[in-house]
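Below are some notes on the model, in numbered points. Please read them beside the coordinates.

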Amino acid sequence: MSTTLCQVMGFLVSSLGVVGCIMSTAMDMWSTQDLYDNPVTAVFQYQGLWRSCVRQSSGFTECRPYFTILGLPAMFQAVRALMIVGIVLGILGLFVCIFAMKCIRIGTMEDSAKANMTLTSGIMFIIAGLCAITGVSVFANMLVTNFWMSTTNMYQGMQNVQNRYTFGSALFVGWVAGGLALVGGIMMCLACKGMVPEESRYKAVSYNASGRNISYRTGPYKAGSGYEPETKTRKGPGYEEAPRSEDAGRSYPSKYDYV
């Protein structure tokens, strides 16, 4: 019961994380204009991964997509790639996790196969969460660097008005979504441990004799397995056992004793 609950909770948490990554990637407010110490407040600018927008004080908003790929900074394109990879891995992990649910029976699928699928989906969720967190953090680092460079230039009198950008709401959505995907993947990996069927660690192994053992004894040569009881001397027809005397009970050395 605890394994099934852990698996279901991991699936739900991971689903929220993947949905959050999609929302964060599609949002336009990755960076917003900093209005502190800015005399121009009639125009508000904000940018996303795919387009930049301008909102006027009258309420009119105009967005313009980026019509270039090579003209964008390399770090900006890397953030795009990380978010797309995280979304693709998260969606694939959701499909794998649906078929790996312990509460859903599909044909004659064994528990060991479902455990492997659960572990695979958990690893996918963990990688997706790490990609989202890394992408958002790289973009945040870019914003911090540009903010302080713009502030330095503005206070040195190099430019009178300099647009500075700060963190947008999409960054916080991406951080939370990546954390949820990471936690959900860890829960799926923990659920996989309880789904593995218990097997005996040691198995019995049978050994067969490779050949027949030959036993040597003082007397006539005889080949046997070594475990047969000692048989009596074969008696031929017409053979009559003579009465044993006192000397007959004694053991005399045979010719094999002198070899």
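1. The side chain of Ser14 reaches the backbone oxygen of Gly10 at 2.7 Å, a polar contact (N or O atoms within 3.5 Å; within protein, one must be able to donate a hydrogen and the other to accept it, and residues adjacent in sequence count only if both atoms are side-chain atoms). Ser14 lies in helix α1 (residues 2-26); helices are DSSP runs of H or I with at least four residues, strands E runs of at least two, numbered from the N terminus.

2. This is a predicted model, where local features need pLDDT of at least 70 and side-chain atom pairs pLDDT 80 or more, while totals for chains, interfaces and linings use all residues. Residues are numbered from 1 along each chain, and side-chain values use heavy atoms, without hydrogens and water.

3. Ser14 counts as buried because its relative accessibility is 0% (buried is under 20%, exposed over 50%, partly exposed in between; 1.4 Å probe, protein chains only). Beyond four places in sequence, Ser14 touches Phe125, Leu180, Ala181, Gly184 and Gly185 (contact: heavy atoms within 4.5 Å).

4. The largest nonpolar core (buried Ala, Val, Leu, Ile, Met, Phe, Trp, Tyr and Cys joined through side-chain atoms within 4.5 Å) has 18 residues; Phe139 and Trp30 are among those touching the most other members. Helix α3 gives the most to this core, six residues.

5. Strands β2 (residues 43-47) and β3 (residues 51-56) pair in the antiparallel sense over five bridges, pairing requiring at least two DSSP bridges. Three residues separate β2 and β3 in this hairpin.
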